[in-house]
Amino acid sequence: MRRFLRPGHDPVRERLKRDLFQFNKTVEHGFPHQPSALGYSPFLRLMAIGTRSGAIKLYGAPGVEFMGLHEENNTVMQIHFIPDQCQLVTLLDDNSLHLWSLKQHSGASELREEQRFTLKGPPGSPPSATQITAVLPHSSREVLYLGTESGNIFVVELPSFRVLEDRTITSEAVLQRVPEDYCNRRSCELVEALREHPKNPDQILIGYSRGLIVLWDLQNNKVTHHFLGSQQLENLYWQRDGSKFISCHYDGSYTQWPVSSDNRQPEPLENLVPYGPFPCKAISKIYWQTTKNGLPYIIFQGGMPRASYGDRHSISVVHGSQQTAFDFTSRVIDFFIIFSSEPTAEFDDPSAMVVLAEEELVVIDLKTAGWPAVHPPYLASLHCSAITCSHHVSNIPLKLWERIISAGSKQNIHYSNMPWPIDGGTNVAPDPPQRDLLLTGHEDGTVRFWDASGVCLHLLYKLSTVRVFLTDADPNDNMNTLGEDEWPPLRKVGTFDPYSDDPRLGIQKIYLCKYSGYLAVAGTAGQVLVMELDDEDAEHVVDHAEADLLQDQEGYRWKGHEKLKTRDGPVRFEAGFQPFVLVQCQPPAVVTSLALHSEWKLVAFGTSHGFGLFDHQQKRLVFVKCTLHPSDQLALEGPLSRVKSLKKSLRQSFRRIRRSRVSSRKRQGISRNASEVQEANAKYDQDALQEMELAPVQRKIEARSAEDSFTGFVRTLYFADTFLRDSSRHCPSLWAGTNGGTVYAFCLRIPPAERRMDEPVRAEQAKEIQLMHRAPVVGILVLDGRSTPLPEPLEVAHDLSKSPDMQGSHQLLVVSEEQFKVFTLPKVSSKLKLKLTALEGCRVRKVMVANFGSCKTDDYSENDLTVLTNLGDIQIISLPFLKLQIRYPCIRKEDVSGIASCVFTKYGQGFYLISPSEFERFSLSTKWLVEPRCIVDVPEVTSNNHVHKSGIENAVRKS
Amino acid sequence: EFRRFSLERSKPGKFEEFYGLLQHVHKIPNVDVLVGYTDIHGDLLPINNDDNYHKAVSTANPLLRIFIQRKEDADYSAFGTDTMTRKKNVLSNVLRPDNHKKKPHIVISMPQDFRPVSSIIDVDILPETHRRVRLYKYGTDKPLGFYIRDGSSVRVTPHGLEKVPGIFISRLVPGGLAQSTGLLAVNDEVLEVNGIEVSGKSLDQVTDMMIANSRNLIITVRPANQRNNVVRNSRTSGSSGQSTESSLPSSTPNILANFLQGEEESDEEDIIIEDSGEPQQIPKAAPTSESLESLTQIELLHESTQNGFLPSSEMNLNHSAGSVNMEYEVQDPDHKSLEEDGTIITL
């Protein structure tokens, strides 16, 4: 009857579970996928980014972040902040307008959608009549001017979005006093730009796409000035004092126009094609910024010579004789300039340029000579080279943290010292509970160290392993070295560089020991590097060893990539993690598992062929073990032949179909019975067709066997000091789990410290467990006498963990993709199991032990397994009794790369990629929760100082 | 030649002793023999262990007729249901081809030589439209050999007929285990896998569940061909008007639980090689009763103290199992064989 006492119905436990577990997706780190619009409020000092999936994200001072999502999931086309308000308007590609506002709610600001609106024309009018092309939030904060494709400008009231029909500016009204000959040549066409006069809120500048620009008087509802442009218009910009404005054009030119009361139809002051005389691309946006010293900054996007530089994504900054064309790594979505917004200031005095490119955010310091880039504290491009793996280390000791930061700061000397210019809002989140590092391995052979403690994922340090190897690409090949007199004066900016020179350099596994500063990284071509943190630059030889994982297996040929060539002689390394040992697996298959024991000075690594143990103190290979099944040809030949064999099998199956047709045709000659042949033909066709039809939707049900492919693939490696041979003596051991459900255990003999260099480390196979269900082993763990997972190496030595209980009997937990099993030690007998797949049809993808603390009391915490399944669910399973505690849906099951990228922390948090460039952070714990919590205050000045209102508004008017 | 002797019914003793007695009585001390008896149904059944020996003695009425054959020239196919009446019927041939069609020279006399390949189980608790099939993969080289696909089926719901997604058998591999049993067919709808309903699960999930259970797979299907269904006695068939009833009867949670526990096969034991020695099965750890907590996980500890090893004749049929079956008065010998084939495990 006991089995009817269903677990989980114990009320005390249920209450405790509520105090321990809670699922939240807290914050998105990284750079938004497919950004489509940019907005900035000089008043709030907040930046807004819209994406093609309908998200808008607001960023201010580090830690100040807001996110909103349009229900429609349509592309955000434009973002406009309402002057002097905590409000913004977004325009989507379905022509809908949305009003968002930041409101304070229980001590923190929240971004909420308030209103939505779609402009409707009179019945029967074409959709273009109301297709919005330009939006101008007026400084009165009461109305929006909406320019449309038809050339009409509609006025809607805020926040109600009521259309004020009597105030519509029709193209007919505008055209009334335009000279006949000009008017005949071109009609108004769509409204390209709307700009409010910087000093006089009653005047707005309207630019039509065919080149006509008019200054409209809102009081008298009439045109005051006509500016008869001859080139297709792209954009407009007022000078600060309102005496001039500048227009930029499709042909790569820009034009200055004077605005004075005596000439109602002035000629242009200046017309310039900056990168002429050959045909140039359009200048799509332009700024004219005045400075104290008199020389203006002219900043414009595009305008490059069409033939030779038409493919560049550039923004040019011209200041007197200085001119630089910043060359971005991806398409420029939009940009803005941060300049003095003091209403009393006479000049713009621009301080920074913020550029949103498709793949990264670049900020240029315009105040410092040489216009260096500013290191952004957030919106890091995680994908500047594709992420190949990630590793999280919680609770970094302060010493190591400072050393990593100092190594990183030496890499950042070319960045500007300017404080981050977008600094609106106040971060009121509590300080992060601990220092956490997220390490990402990349395709180009680099490892990036991110500060993952708080809301801002910030790059601390970048490590490159390329230097150890000889590659085709010369590292000294600098793309930026352009001659002084180069024209146009292009300068590459940004770090996005998705093209890897050599895919073999890719990082596959990372292991960092936070106590010793030892780091092991392993890559695609079987390379394993052990590194040590050094605060100084150094030049030294990297010791090199080879591990032949095939051993005595003969007659096999590796058809995959070759191993990486190493550099001879000493190599210069910059301060930071410097490799001192390189082990190369033979065959050079991708390293699939890695473990480092910094106390024993051992590193273990595994590939699809076997695993090895290397003593990095003595720099000696201790042993290798081949895990291959002799019939597993695929694993032997390498990844390339796998593709080939698939092709081959496809080809064969087509041949089979063809052959069957041919043979039936042959029979045609023999038997003259036409109908019979037809029948046979039909039957063959039908069979083939049936096979093809069934193929995509049916699944084969077959038990796994030892002969399956890739059974020898080493999935997990684990070091433990436990009772392997008898219950009286414990010893160091190495455990390995394979794809075929085999667990190997090796007993290690490590010489005592005083003879560590003199005697070799010895290893002896002690156990081999074959799980009958043969599912891949994804995790191995030893629980001590108190059923607590064994501590990490050096954790006890640093007084950060209780020493493990070596009195009671230890238990072995083996996690396969299908089952969790606990065995006794040293005699292996099965104690209990949880058959996940048999019960639920889901498979374990990731598993990690996490410590969960109670949010109610400080003195209670417990260890559980956090598990991610192939269905994207997260399950928490208790230790040591393997009871399912709770389950949360987390990732869509179709999102295979998201599931593959997931990494758990030791305190019940996790990260997974929601796009190539963004990590979603989630938390399973009630206690450890990192989420943005911030306040955006409306500065007092707007509510009290109505006298100065218009002046202030003009000054902070969004450009 | 015939011998007659008496045994004490209440204390029959051990099979070994009985075997020795027989050899003594017949004066054939060094000849290997097969011992059989006729049960109350007139079937010739083997006596080769304590259990069936006790059963034989207890059912003797009052005479126990024992047949002794020399092992070398024994006719193994003589044993089994209806063997004494010699009324071989088609259905049992179809359902258990291994028993009858297999080459007669294979020695299948002793119980360790028997290996079940498949069985229909839980006939007594399932609706007649459903069939619960157990495939014993263990030890065979034969592939399971079937494919499943997505599809849709019609269910009776409180809101009337409703089309719902379902999982169906799409292909049987010729010569595979699934095909050779004759119990599964293309287009049979899969309703459960080892007691877990598949409704709401994706094809991939069901695939994973089946593969995870492949060593001892129990699939409940609704056969596409409903003509071969078991027809029960009048009492049961009276309710067979609801043959379109689709959801499994929820009335038998305990039986299902029993059944599930039985399925936690001990034959799925992992293998350990200690110190590069001989491979051996990993034993179950002895249940410890140190704490209350360890009691709560008792269901995991003794998943099956009983090895569900039952060959397809009723020699291991024990009393309590018989009592379960008694609910249905068995009339048709064909169906009796089906019912008694079931693996019934008591706790």
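## A charge over a ring in chain B

Let's start with a cation and a ring: R171(B) places its charged end over the ring of Y147(B), at 4.4 Å from the ring's centre. Keep in mind that this is a predicted model.

Chain A has a contact of this kind to look at as well. There, K285(A) lies over the face of F335(A), with 5.4 Å to the ring centre.

## Aromatic pairs

Searching the whole structure turns up 33 aromatic pairs over all chains. Take Y378(A) and W420(A): their ring centres are 5.5 Å apart and the planes meet at 85°, and since an angle over 60 degrees counts as edge-to-face, that is the label this pair gets. The two residues come from distant parts of the chain, 42 residues apart. Y378(A) belongs to the loop between strand 29 (373-374) and strand 30 (387-393) of chain A, while W420(A) sits in the loop between helix 5 (398-411) and strand 31 (426-427) of chain A.

Are these two rings buried or exposed? Y378(A) has a relative accessible area of 1%, so it is buried. W420(A) comes in at 12% relative accessibility and counts as buried too, because the cut-off is under 20%.

Over in chain B, F18(B) and Y53(B) make a stacked pair, 4.5 Å centre to centre with 25° between the planes. F18(B) is in helix 1 (residues 15-26) of chain B and Y53(B) is in helix 2 (residues 50-59) of chain B, so the pair ties together parts that lie 35 residues apart in sequence. Both partners count as buried: F18(B) is at 2% relative accessibility, and Y53(B) is at 0%.

## A ring cluster in chain A

Rings can also link up in a group. Which residues do ring pairs join into a cluster? They are F23(A), Y888(A), F904(A), Y912(A) and F922(A).

## A four-stranded sheet

Now for some backbone. Chain A has an open sheet of four strands, ordered 54-55-56-57, with antiparallel pairing. Strand 54 (777-783) and strand 57 (830-835) of chain A are at the edges; each has a single partner strand, so one side of each goes without a neighbour in the sheet. From one strand to the next, the twist averages 15°.

Zooming in on one edge, strand 54 of chain A pairs with strand 55 (residues 811-816) of chain A over six bridges, in the antiparallel sense. Which residue of strand 55 of chain A stands opposite G779(A)? That would be V815(A). As a general reminder, strands of a sheet pair through backbone hydrogen bonds, either parallel or antiparallel.

Methods:
Residues are numbered from 1 along each chain as its sequence is written. Chains are lettered from A and ligands numbered from 1 in the order in which they are written. This is a predicted model: local features need pLDDT of at least 70, side-chain atom pairs count only at pLDDT 80 or more; totals for chains, interfaces and linings use all residues. Side-chain values use heavy atoms; hydrogens and water are left out. Two strands pair if DSSP finds at least two bridges between them. Axes are lines fitted to C-alpha atoms, for helices over the stretch in contact, and angles run from 0 to 180 degrees between N-to-C directions. Rings of Phe, Tyr and Trp (its six-membered ring) pair if their centres lie within 6.5 Å; planes under 30 degrees apart count as stacked, over 60 as edge-to-face and the rest as tilted. Buried means under 20% relative accessible area, exposed over 50%, partly exposed in between (1.4 Å probe, protein chains only). A charge sits over a ring if NZ of Lys or CZ of Arg is within 6 Å of the ring centre and within 35 degrees of the ring normal.
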